[in-house]
Amino acid sequence: MLDPTTPGVSLPASERRPELPKGRVLGERYEIIKLLGRGGMGAVYAAHDHKLDRQVALKLLHSTRSDAPERLVSEAKALARLSDSHVVAIYDAGDLDGQVFIAMQLVDGEDLASALARRRPTVAQIISWFADAGRGLAAAHAAHLVHRDFKPSNVLIDRNGNVAVTDFGLARTTSGTATGLTGMGVMLGTPAYMSPEQHTMQPAGEASDQFSFCVALWESLFQQHPYIQGDRGSMSPYEIGYQIFDGALVPPPPTTRVSRRVIEALTRGLQRDPAKRWPSMTALVAELQPDPRKRTVWPIVMSAGLAAAALGGAAVWILTHASDSQSCDAEASSRVRAAWSPDAWTTVREHFSKAGRTYGDAAARQVSSALDAYAAHWVRL
């Protein structure tokens, strides 16, 4: 259910502590129920908190590395600063019988990676899950925290469909207060989901989480990493980093049912230059799941509609007020030019451009062509 592995921190089997038996009580408070998962830094158990009478996920550190306790406690501090339904809550942290621990919200469900593999979800469902996870990242960013290891296995879905981001063990602050965990020259994260700046061991920012998010969503929608073709299981982190940094974006399959809007949103989030990505996770999520009450297409529709209405009015005037001293053709052409002129075309094109859509120019040309044909038709009539 939970992935307690922290990439970059490898623990030999000889250093791992044996699995705690069911019923074992730690610190006279937490009673072990069962093992949920084990990874590079420690193990995660389902446990009962006798003090507050509730079940929790208990993350226990069993690494002998000198910096490992600081990593785990830093995760607790990072999460304790957040209060959002899309982020796993922290309840307690400290030392239990010589082991550093974090007590956190126990999510009764599965991680996103398992859900994607087991359920065969629809495109809409996948986007919905990721949008909620994106909201969790946005909440972290609002608290000046960068996750730095976003991937499907670090997203949990409970039995009611609620989505929450977890495993902030690599989180760092963006407010100028360092966590003391890592700095430049240290590569931490899961290589396939890391941003180019992380692969070159530069400081990770909010845009780095955005890149990882877009990699994960692209892979989930198209069953293909956006930059790595084939099986990456045998590739080294440096080979993976080379593909992410220099490889061409693998296009979606031609039969995809994913909308062009979503593809374009992800393509922007996958830009190698962080400055060219979305200004925030909130902006990206809004593009993936736009609020129907806040559509930005109406100025375009109104522009085209008003131009057509003007042409219709010109046609009516032509039919009812044509002068006997002037030919019908000349009068019609004159009135149509008054309604649909190069200046009117410029106005329509500007409205399309202001909408900020990548397809704006093409759509403007289509409107122009349609109105040209409409005008020519009325002149003929």
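Here are some worked exercises on the predicted model above.

Residues are numbered from 1 along each chain as its sequence is written. In this predicted model, local features need pLDDT of at least 70 and side-chain atom pairs count only at pLDDT 80 or more, while totals for chains, interfaces and linings use all residues; side-chain values use heavy atoms, with hydrogens and water left out.

**Exercise 1. Find how many helices and strands the protein chain has, and what share of its residues is buried.**

Step 1. The count comes to 12 helices and 11 strands, where helices (H or I, at least four residues) and strands (E, at least two) are DSSP runs numbered from the N terminus.

Step 2. Of 381 residues, 45% are buried, meaning under 20% relative accessible area, with exposed over 50% and partly exposed in between (1.4 Å probe, protein chains only).

**Exercise 2. Work out how H3 and H5 are oriented to each other, and which residues make their contact.**

Step 1. Two packed helices are described by the angle between their axes and the distance between the axes.

Step 2. The axes of H3 (residues 123-142) and H5 (residues 206-222) come within 11 Å and cross at roughly 170°. Axes are lines fitted to C-alpha atoms, for helices over the stretch in contact, and angles run from 0 to 180 degrees between N-to-C directions.

Step 3. H3 and H5 are therefore roughly antiparallel, the class for angles over 145 degrees (under 35 is roughly parallel, 65 to 115 roughly perpendicular and the rest oblique).

Step 4. Contact means heavy atoms within 4.5 Å. The residues that make it include Ile 126, Phe 130 and Leu 137 of H3, and Asp 209, Phe 213 and Leu 221 of H5.

Step 5. By class, this contact has 10 nonpolar, 3 polar and 2 charged residues. Here Ala, Val, Leu, Ile, Met, Phe, Trp, Tyr, Cys and Pro count as nonpolar, Asp, Glu, Lys and Arg as charged, and the others, Gly among them, as polar.

**Exercise 3. Do the same for H2 and H3.**

Step 1. Their axes come within 12 Å and cross at roughly 175°, so H2 and H3 are roughly antiparallel.

Step 2. Leu 112, Ala 115, Leu 116 and Arg 119 of H2 meet Ile 126, Trp 129 and Phe 130 of H3. The tally is 6 nonpolar, no polar and 1 charged.

**Exercise 4. Decide where the buried residues of H8 and H6 sit around each helix axis.**

Step 1. In H8 (residues 281-288), Met 281, Leu 284, Val 285, Glu 287 and Leu 288 are buried. They fall within an arc of 160° down the axis, so they line one face of H8; the arc is that of the directions from the helix axis to the C-beta atoms.

Step 2. These H8 residues pack against H3, H5 and H7 (260-269).

Step 3. In H6, the buried residues are Ile 240, Gly 241 and Ile 244. Their arc is only 100°, which puts them on the same side of H6.

Step 4. Tyr 238 and Tyr 242 are exposed on the other side of H6, whereas its buried residues pack against H4 (196-199) and H5.

**Exercise 5. Identify the residues with the most contacts inside the largest nonpolar core.**

Step 1. A nonpolar core is a set of buried Ala, Val, Leu, Ile, Met, Phe, Trp, Tyr and Cys residues joined through side-chain atoms within 4.5 Å.

Step 2. The largest has 47 residues, and Phe 150, Phe 213, Leu 221 and Leu 288 have the most contacts inside it.

Step 3. Leaving aside neighbours within four places in sequence, Phe 150 is in contact with residues including Phe 130, Leu 137, Tyr 193 and Phe 213.
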